[in-house]
Amino acid sequence: MLLSNHVPDASCGGMKRSALWLLLTLSISACSRDSRPPDFAFLLGAEPETIDPTLSAGQPEGRVARTLFEGLTANDPVDLHPIPGIAKSWDITPDGLVYTFHLRPSVWSDGHPVTASDFAYAWERLLNPKMAARYANMLYPVANAEAYNKGTLTDPSLLGFRAANDTTFVVTLKSPCAYFLDLCAFYTLLPVPRTTIETYGDEWIKPEHIVTNGPFLLGEWILNRHIRFLKNPRYWDAEHVYLNVADAYTSENINANFNLYMTGVLDWLDSGGVPLFVVPDLLRRSDFHVAPYFNTYFYRFNVTRPPFNDARVRKAFFLAMDASAITQYVLRAGQQPAHSLIPPGIPGYTEVQLPKRNIEEARTLLAEAGYPNGQGFPKVEVLFNTSEAHKQIAEVLQSQWKEALGVKVDLVNQEWKVFLNSTQTLDYWMARGGWIGDYLDPNTFLDMWTSQNGNNRTGFADPAYDALIERAGRTLDPAERMQLLHQAESWILDKEMVILPIYYYVVMNLYDPEDFSGLTPNLQNQIILKGVKPLRGHRGKPRDVHAPVMAGE
Amino acid sequence: MGAFLLRRLLATIPLLFAILALSFLFMRSAPGGPFDAERSVPPQVERSLRAKYHLDEPLTAQFARYMGGLLHGDLGPSFKYQSRTVNEIIAQAFPVSLTLGALGLAISLVIGIPAGVFGAVYRNRPADYGIMSLSLLGISIPNFVIGPLLIIVFCFTLGWLPAGGWGSLSQMILPAITLGALRAAYIARLMRAGMLEVIHQDFIRTARAKGLPEPAVIGKHALRVGILPVVTYLAPATASILVGSVVVERIFDIPGLGTFFVNSALNRDYTMAMGTVLLYSTILITLNLLVDVVYAALDPRVELK
Amino acid sequence: MKEAPVLGSATDTIEARLMEPVAGVGFWKDAWRRFLKSRIAVTGGVILIAVIFVTLLAPWLTPYANDQQDLAHQLQAPSWQHPFGTDMTGRDLFTRTLYGGRLSLAVGLVATLVSLVIGVTWGAVAGYKGGTADNVMMRFVDLLYSLPFMFFVILLVAYFGRHLVLLFLALGAVQWLTMSRIVRGQMLQLRGQEFVTAITALGASHRRIILRHLLPNLLGPIIVYATLTVPAVMLEEAFLSFLGLGVQPPNSSWGLLAAEGASSITAIHTAWWLILFPGLALGATLFALNFLGDGLRDALDPRLKNR
C-alpha cells in the first residue's frame with residue numbers, strides 16, 4: 001500500500017485489504033508461538049530489565065529469578081523464613097563465622113549436576129566489578145567480598161567461600177551475620193550455569209539457550225506481553241510443582257491490569273493492578289486480601305539545605321503532620337500511619353515509637369527555629385516522581401502544613417530519571433522515598449544512612465553513626481545487637497529526624513482462594529510459584545463485578 | 001519523474017543523518033542517565049557499567065560508533081533491557097503497531113472520507129450538521145476516555161469483546177476504533193473543506209455541463225482534487241499511528257512500539273530512542289515523498305520540482 | 001465569464017476594477033454578513049465567548065479555592081453544595097473545572113497563535129518562491145517533523161518541567177509544521193492559477209501578490225486548520241497529563257481533570273461526575289470552536305461572495 005507507485009484512486013480499498021491480511025498474519029506470528037492457555041496467570045509488575053539473577057535489581061526481576069533458579073536456601077511460602085533449598089542441611093560454627101552447606105543431589109535442566117562450584121562461580125561473578133552487578137552488596141558479609149567488589153582486592157581465591165567438593169560449600173564471614181541464611185535465598189545469590197554462560201555470553205538468558213535449576217523453565221519471553229514458565233521436570237522437588245504452564249504478565253497500567261483480572265485473564269494481582277480509586281469497593285470482596293508489608297513510605301529531608309538543616313524544623317514538620325488522614329482517606333486499604341522507620345513485626349526487635357501529632361509543640365519548635373507562625377519561612381518544595389498516589393499524598397500534606405504551621409510548600413512532580421538525579425545530587429528540600437526490606441532484619445533499613453552508602457541521599461553523615469552500625473554488625477549476642485540497632489533507629493528518628501516516616505505499606509493481593517491453594521500474601525510480596533495448586537478444573541471466567549460480600553472476615 | 005525521485009532519494013541521506021544527530025544531541029542533554037536507579041551502585045561498579053556501554057567516551061566517538069553500527073543494520077543494544085538489541089525489540093513490537101495502526105487508519109478512512117464528501121455535498125443542510133457533529137465527538141473526547149468507556153460498554157456490560165491483550169482479531173477491534181476515532185474526525189473535516197474548495201471550480205462546472213451524472217462528477221472529478229488536504233494530512237498521521245500509540249497500548253495492554261518509544265525517552269535508553277526515531281523518520285520521509293507524487297498525479301496544475 | 005476572487009478593498013486602480021465583480025460590497029463586510037447568517041457558527045461563537053467569560057469570572061462564581069481539600073467529603077456525587085461533585089481529596093469539581101478552563105483555553109489559544117504565525121509565514125514564502133528556496137525550507141520542515149512529538153516534548157518537560165510557558169511554546173512549536181505544509185500545498189495550487197499570471201503580468205510586486213491576492217484565498221484553509229489546531233493542542237495537553245507530564249497540581253486543566261476522571265472508570269465503580277463534567281466542558285468548547293471555524297471559513301471564502 002505504501003511502497004508502490006500506483007496512484008491511489010477513490011477505490012483503493014481492495015489493495016489495502018490484502019495488505020491488511022498480510023500484516024495480520026505477520027503480527028500474530030510474531031507473537032505467541034505457544035498458544036496453550038496457562039494453568040496460572042499473574043501480574044509480574046513490570047517488564048524485567050534482565051532475568052540474569054546476578055544482574056537483577058528489582059522486584060519483577062527477582063520474582064523471575066526465583067522462579068527459574070533456586071539457591072542454597074529458599075523462602076518459606078507462608079512466613080518467608082529460610083528453608084533448605086539446594087542445600088539440604090548446614091552446619092554453623094559457634095562463633096557464627098563459618099557456614100558449611102551440604103548440597104542435595106540435583107541437576108540443571110540440561111541434566112548436568114548442580115555442584116558447589118556452581119555457587120562459587122555465581123558468587124564470584126556477582127562480586128566481580130566487571131559485571132557491574134547492582135546488588136553485589138548482598139554478599140558483603142562474606143570475608144573479603146567488599147574489597148573484591150570495590151576493586152581493592154584482585155585475587156578471587158582470597159574470597160571467603162569455596163567448593164570443598166561437589167556437594168560441600170564452605171562460607172567464611174568477616175563477622176557474624178544473623179540473617180545470612182536469609183541472604184542465601186536472595187535472588188542475586190542464586191546459582192547460574194557456567195557452561196551456558198561461557199558458550200553464549202550475554203545471550204545465555206534467551207529461551208532457546210537458558211538452563212535453569214529451579215522449579216520452572218523459561219518457555220517464551222515476549223516483551224511487554226508475558227513471560228511463560230514451564231514446569232521443570234528435572235527439578236529435585238518436581239512432585240511439589242503443580243503448575244505446568246504459568247504466565248507472568250508485564251503490563252504496567254494499573255487500570256488495564258485490573259480489567260485483565262476482572263475478565264478472568266489474570267488469576268493473581270498485587271497493587272500493580274489495584275486502582276486507588278476502587279479500594280473501598282474491593283475491601284468488601286472475598287477475593288481481596290490485605291496483609292502487612294515490610295515496606296515503609298517516607299519523605300527524605302536534605303539536611304544540608306536550609307531550612308531543613310535545622311533539626312527543629314524537621315521535627316516540627318513531623319509533629320504537624322497527620323498521616324492517618326492519608327491512610328484513611330487516600331489509601332483506605334488498612335495501611336497504618338508510621339511511628340517508626342522499621343515496620344513492626346520483626347521477632348526480637350522493638351521499633352521506635354515516635355510521638356503522636358502535636359501541633360502546639362510543632363509551632364513552638366518552628367518558632368524556636370526562627371519562623372514564628374511560619375513567617376519568613378523560605379520557599380521549599382516537595383519532590384515526587386510521577387504517580388497518582390504520590391501526588392495525592394503530597395497534596396494532603398501540603399494542606400496540613402499550611403494549616404498547622406502557616407508554611408507554604410510547593411509540590412513538584414518530576415519524571416523518574418530526573419527525580420533520581422535530583423535526590424542523588426542533593427538537589428531538593430524534601431523528596432518522597434520508600435524502602436522495602438531485603439531481608440527480615442532491621443539492619444536493611446539502617447545501614448543505608450551510613451555516610452558512604454549510595455542509598456542515603458540525605459546528606460546526613462556522622463562517623464559516630466557509622467561506627468554504631470559497624471559495631472552492631474560485629475555483635476554476637478542477638479539481644480545486644482537488637483539494642484544497638486534500636487539505638488541507631490532512634491538516632492535517625494528521635495534525635496535527628498533525617499526522614500519523615502509516613503505510613504507502612506500493605507500487601508494487596510487479588511485472587512480467589514477457591515481457585516488456587518498455596519497462595520498467601522507474605523511480608524515481602526514474593527510470588528512463590530512452587531506449591532501453587534489449581535483447585536478447580538477451569539479458569540479464565542470473568543469475575544463477578546458485583547462484590548461477593550465476605551462472610552465476616 | 002525519475003529525476004525527481006532520484007533527487008529526493010539523494011536528499012534523504014543527509015536528512016536522516018541530520019535527524020539522528022539532532023536526536024542524539026537532544027537526548028544526551030537531558031538530565032539523568034540510563035543507569036540511574038533507586039538502588040545506587042558503588043562508584044566502581046557504575047564506572048564499569050558506563051565503560052561496558054561506551055558511555056565514558058566523548059560524545060562524537062559514541063555517535064560515530066553508533067553510525068558505524070547503523071551501516072551494518074545494527075541499531076545497538078538496549079540500555080534498559082539488558083541482553084536485548086534494539087533490532088530485536090523493534091522486530092517484535094513493530095508488526096503489532098503496524099497491524100493495529102493499519103486497521104485504525106482503515107477505519108478512519110472508511111468513515112472519514114464518505115462523511116466529508118456528504119458533508120460538502122449537502123452543505124449546511126441537516127445531514128451536514130449531523131455528520132459534522134458526530135465527527136466532532138471524535139475530536140473532542142480524548143482517546144484515554146473513549147478507550148475505557150468502550151471497555152465498560154462492550155466488555156463488562158455487553159460481554160462481547162475482551163478487555164485487552166493481543167493475539168486475536170476480537171482483541172483488535174476496540175483499540176482500533178479508539179485509534180481511528182480521532183483521525184476519522186480530522187479526515188472528515190479536511191475532506192469536507194477540500195471538497196468545498198473544489199466543488200465551485202470551473203472544471204466541475206464543465207463536467208456537469210457535459211451532462212455527467214452527479215455521482216460521477218463528485219466521485220471521480222471532484223474527489224480527485226478535493227482529497228488533497230486529506231492526503232497531506234495522511235503522511236504524518238500514518239507515520240505516527242504506525243509507530244504506535246502509547247495511550248491505546250497502555251489501556252488495552254498491547255505489546256506495541258509506542259510504549260517502548262515513550263519509555264525509552266523516560267528511561268534515557270538512548271539506542272532504543274534513536275532506533276525508533278529512525279524508524280519513524282524513514283516512514284515519514286517515504287510517505288512525504290508519496291504525498292508529493294500523489295499531489296502531482298491528482299492535480300494536473302501542480303508540477304513536481 | 002471567468003470567475004475571479006475578490007480581494008481587499010477597491011483603493012487601487014486598474015487591477016481592482018478588472019478584478020471586482022459587479023456588486024460593489026466590501027469583502028469583509030460581506031463576510032461578516034454571511035457569518036451572521038449561519039446560525040450554527042454564531043451559536044459556536046456565542047458558546048465560546050460564554051465559556052471564556054465564565055472561566056474568567058471563576059473567583060466570583062465559586063466560594064471554594066482551587067486547591068481547597070476536604071477529606072471528609074471526598075468522592076461525593078453532585079449536590080447543592082457541590083454542583084459537580086467532589087474528587088478524591090474532597091476538592092470541589094465545579095471550581096476545578098472553572099479554573100482548569102482558564103489554563104486549557106490559554107494553552108489552546110496561545111499555542112495555536114504561535115503555530116499560526118510561524119507556520120503561515122514559512123509555508124507561504126516556501127510555496128510562493130518555489131524552486132530551491134521551497135526545497136530548502138520544506139526539507140527543514142521535514143527535518144523537524146521527523147522528530148516525533150512526544151519524544152521531543154517529554155525531553156523538554158524533563159529539562160524544564162515546571163515552567164508552564166514552555167509547555168505552551170512546545171505544543172505550538174510542534175503544530176506549526178503541519179500548518180506550513182498545508183499553506184505551502186495550497187499556495188502551490190493557487191500559484192498555478194491564471195489570475196496570478198495575470199497580476200504578475202500587470203507588474204504587481206511579490207509582497208502585494210502574496211498579501212493581497214493569495215493569502216486571502218488561503219484564509220479558508222488556514223482558518224479551518226487553525227480551528228483544528230486549538231482542539232489538537234488541548235488534546236495534546238490532555239495526553240501529557242495522562243502520562244503525568246502536563247499541568248502539575250494544585251493547578252488544574254481540563255486535560256488533567258479528564259485524565260483523573262478516566263482513571264476512575266472501572267468495572268466495579270465509576271465516579272461518573274469526575275469524567276462527565278470536565279468531558280462536557282472540554283467537548284462543548286471544542287464543538288463551539290469547530291462550528292465557529294466552519295462558519296468563519298464559509299464567510300471568508302471569496303468565491304462564495306454574494307451567494
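**Chatting through a three-chain model**

User: Is A:Asn525 buried or exposed?

Analyst: A:Asn525 is buried: 21 other C-beta atoms lie within 10 Å, and 20 would be enough to count. Keep in mind that this is a predicted model.

User: Ok, and where does A:Asn525 sit in the chain?

Analyst: A:Asn525 is in the loop between strand S17 (516-517) and strand S18 (533-534) of chain A. The backbone there has a feature to look at too: phi of A:Asn525 is near 55 degrees, which is a positive value in a residue other than glycine.

User: Which loop holds A:Leu80, and what's its phi?

Analyst: A:Leu80 belongs to the loop between strand S2 (73-75) and strand S3 (82-84) of chain A. Its phi is near 65 degrees, so positive without being a glycine.

User: Why does A:Leu80 count as partly exposed?

Analyst: Because A:Leu80 has 19 C-beta neighbours inside 10 Å, and buried starts at 20.

User: Any odd peptide bonds? Which residues does the cis one join?

Analyst: The cis peptide bond is between A:Pro306 and A:Pro307, with omega at about 0 degrees. A:Pro307 is in the loop between strand S11 (288-301) and helix H9 (311-320) of chain A.

User: Switching to sheets. In what order do the four strands of the open sheet come?

Analyst: In chain A the order is S1-S10-S9-S8, and the pairing is mixed. Strand S1 (40-43) and S8 are the edges: each has a single partner strand, so one side of each has no neighbour in the sheet. From one strand to the next, the twist averages 20 degrees.

User: How many bridges does S9(A) make with S8(A)?

Analyst: Six bridges, with S9(A) and strand S8 (residues 216-222) of chain A running antiparallel. One pair to find on screen is A:Ile222, which stands opposite A:His226 in S9(A). The hairpin of these two strands has three residues between them, and A:Asn224 takes a positive phi near 60 degrees there.

User: And how many bridges join S9(A) to S10?

Analyst: Five, and S9(A) is antiparallel to strand S10 (residues 245-249) of chain A as well. Across that pairing, A:Leu230 has A:Val245 as its bridge partner, while A:Arg228 is matched with A:Asp247.

User: How many residues of S9(A) are buried?

Analyst: Five of its six, so strand S9 (residues 226-231) of chain A is mostly covered.

User: Which residues have the most contacts inside the largest nonpolar core?

Analyst: A:Leu139, A:Leu266 and B:Ile187, in a core of 346 residues. If you skip neighbours within four places in sequence, A:Leu266 is in contact with A:Ala41, A:Phe42, A:Leu43, A:Tyr249, A:Asn257, A:Leu260 and A:Tyr261.

User: New topic: what is chain B built from?

Analyst: Chain B has 13 helices and zero strands. Its C-alpha trace spans about 85 × 60 × 30 Å along the principal axes, and 52% of its 305 residues count as buried. Among its contacts with a separation of 6 or more, 72% are between residues 24 or more positions apart.

User: How about chain C, how many helices and strands?

Analyst: Chain C has 12 helices and zero strands. Out of its 307 residues, 52% are buried. Pairs 24 or more positions apart make up 69% of its contacts with a separation of 6 or more.

User: How many residues do B and C put into their contact?

Analyst: Chain C gives 45 residues and chain B gives 48. On the chain C side, several helices supply at least two residues each, including helix H8 (164-191) and helix H10 (206-243). That side has 30 nonpolar, 10 polar and five charged residues.

User: Where is confidence lowest and highest in chain B?

Analyst: It's lowest in helix H2 (residues 43-52) of chain B, with a mean of 74, and highest in helix H4 (residues 86-121) of chain B, at 90. Chain B averages a pLDDT of 82, and 95% of its residues score at least 70.

User: What's the mean pLDDT of chain A, and where is it below 50?

Analyst: The mean for chain A is 88, with 93% of its residues at 70 or more. Residues 1-21 of chain A are below 50, and beyond near neighbours in sequence this stretch has 15 contacts in the model. Where pLDDT is low, the predicted coordinates should not be read in detail.

How values were computed: Residues are numbered from 1 along each chain as its sequence is written. Chains are lettered from A and ligands numbered from 1 in the order in which they are written. This is a predicted model: local features need pLDDT of at least 70, side-chain atom pairs count only at pLDDT 80 or more; totals for chains, interfaces and linings use all residues. A residue is buried if 20 or more other C-beta atoms lie within 10 Å of its own, exposed if 12 or fewer, and partly exposed in between; C-beta atoms are placed from the backbone. Two residues are in contact if their C-beta atoms, placed from the backbone, lie within 7 Å. Ala, Val, Leu, Ile, Met, Phe, Trp, Tyr, Cys and Pro count as nonpolar, Asp, Glu, Lys and Arg as charged, and the others, Gly among them, as polar. pLDDT is the predictor's confidence in each residue, from 0 to 100. Two strands pair if DSSP finds at least two bridges between them. Axes are lines fitted to C-alpha atoms, for helices over the stretch in contact, and angles run from 0 to 180 degrees between N-to-C directions. A nonpolar core is a set of buried Ala, Val, Leu, Ile, Met, Phe, Trp, Tyr and Cys residues joined through C-beta atoms within 7 Å.
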